[in-house]
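Trainee: Hi! I've just opened this one and could use a guided tour. Where shall we begin?

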Amino acid sequence: MHDGVYYAYGTNSSDGIEVYTSNDLNVWNKESNLTLHKNDTWGDRWFWAPEVYYIKNTNKFMMYYTSDEHICVAISDSPLGPFVQEEKKPMIEDEKCIDNSLYIDEDGKPYLYFVRFNDGSCIWVAELENDLQTVKKETMVQCTNVTQNWERVSGRINEGPYVMKHKGMYYMTYSANHFESPYYGVGYATANSPKGPWTKYDKNPILQKPGNLAGTGHHAMFYDKEGQMKIVFHSHFSHATILPRVMHIMDVNYTNDAMPVMETSGNVLS
């Protein structure tokens with residue numbers, strides 16, 4: 001959300017990334033122009049997993065996304081775009097990676113979480129330079145891989161990381177199983193440091209096949225205008241058809257102050 005308007009970034013276009021706007025999270029309007037076009041970026045296919053952040057000290061918006069299975073970042077003066085890469089190159093040029101997500105800690109130190117294709121798909125973290133674009137490769141540390149039974153239904157996949165902090169504890173939500181599986185879902189892990197070590201919640205998943213939905217995963221967290229934390233995620237189009245996937249929103253709450261547990265609840269907004 002920025003200046004009272006909600007923005008959702010979608011991946012239905014083969015030419016880049018779409019943007020939708022809403023005032024109430026119920027009615028969404030698709031903007032006529034792509035917020036990121038392939039002409040303004042490295043890569044020309046497979047535009048996935050966009051996340052946009054407003055960087056206060058630069059008054060810029062930064063979009064972290066995947067293009068042709070490489071992680072990239074582009075910059076704009078507006079959440080509507082156009083987002084443009086200053087240098088048309090991936091953040092890690094010599095290796096395929098996906099699902100990059102920014103986290104800036106309270107001390108101002110920036111971290112990038114992303115997925116590498118080792119032992120299936122695993123989540124890693126690295127520190128960033130102050131430009132929020134340059135990965136300090138020497139700081140790369142693995143966060144998670146497939147270890148829990150619910151993650152073993154389809155493939156060896158931990159992906160889509162998103163990190164936040166609550167009462168001194170770092171929470172990483174992530175998705176597991178192949179996105180084509182109806183058992184694609186969301187779990188989380190906790191740590192005392194942005195670089196881990198991470199301990200997965202022993203009652204994962206916290207989101208999997210809610211109601212009549214299937215394939216619920218790859219998500220992000222945000223706060224609405226009333227201060228309620230929400231999770232936005234996609235599901236399969238139906239139980240019979242995977243694509244095009246559908247966006248949904250649910251409440252997220254922390255419970256149990258002694259050792260906060262993250263739970264999804266409430267009605268699903270489509």
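Mentor: Below we talk through the nonpolar cores, a cavity and two single residues.
Mentor: One thing before we start: this is a predicted model.

Trainee: Got it. Which residues touch the most other members of the largest nonpolar core?
Mentor: Those are Y64, M91, L112, F114, M164 and M262. The core they belong to has 40 residues.

Trainee: Let's pick L112. What is it in contact with, leaving aside neighbours within four places in sequence?
Mentor: Two of the residues just named, Y64 and M91, are among the contacts of L112. L112 also meets I71, N100, S101, L102, W124, V125, A126, L128 and V135.

Trainee: And what does the second, separate core include?
Mentor: That one has 17 residues, including I98, Y111, V115 and Y174. As a general point, nonpolar side chains in soluble globular proteins tend to be buried together.

Trainee: New topic: how many cavities of 30 Å³ or more are there?
Mentor: The count is one, and the volume of the largest cavity is about 30 Å³.

Trainee: Which residues line it?
Mentor: The lining is made of A49, E51, D99, N100, S101, G160, P161 and H218. N100 and S101 also came up as contacts of L112.

Trainee: Which strand gives the largest share of that lining?
Mentor: β8, with three residues. Strands β5 (47-55), β8 (97-104) and β12 (158-166) each supply at least two.

Trainee: How does the lining divide into nonpolar, polar and charged?
Mentor: Two of its residues are nonpolar, four are polar and two are charged.

Trainee: Can we look at C143 now? Where is it found?
Mentor: In strand β11, which covers residues 141-144.

Trainee: Why does C143 count as buried?
Mentor: Because its relative accessibility is 11%, and buried means under 20%.

Trainee: What surrounds C143, beyond its neighbours within four places in sequence?
Mentor: C143 is in contact with Y113, I123, W124, V125, M172 and W198. W124 and V125 are on the contact list of L112 too. Also, C143 and A191 are 48 residues apart in sequence, with their C-alpha atoms 9.8 Å apart in space.

Trainee: Last one, S13. Where is its place?
Mentor: S13 is in the loop between β1 (6-10) and β2 (16-22).

Trainee: Is S13 buried or exposed?
Mentor: S13 counts as buried, because its relative accessibility is 17%.

Trainee: And what does its side chain reach?
Mentor: The backbone nitrogen of D15, at 3.0 Å. Leaving aside neighbours within four places in sequence, S13 is in contact with E18 and L34.

Terms used: Residues numbered from 1 in each chain as written. Predicted model: local features only at pLDDT ≥ 70, side-chain atom pairs only at ≥ 80, totals over all residues. Heavy atoms only, no water. Core = buried A, V, L, I, M, F, W, Y, C linked by side-chain atoms within 4.5 Å. Buried < 20%, exposed > 50% of the residue type's maximum accessible area, 1.4 Å probe, protein only. Contact = heavy atoms within 4.5 Å. Helix = DSSP H or I, 4+ residues; strand = E, 2+ residues; numbered from the N terminus. Polar contact = N/O pair within 3.5 Å; in protein donor to acceptor, adjacent residues only side chain to side chain. 1 Å grid on protein atoms, 1.4 Å probe; cavity = no way out; pocket = protein on both sides within 12 Å on 5 of 7 lines; lining within 4 Å. Points joined across faces, edges and corners; volume = space filled by probe spheres on them. Nonpolar A, V, L, I, M, F, W, Y, C, P; charged D, E, K, R; others polar.
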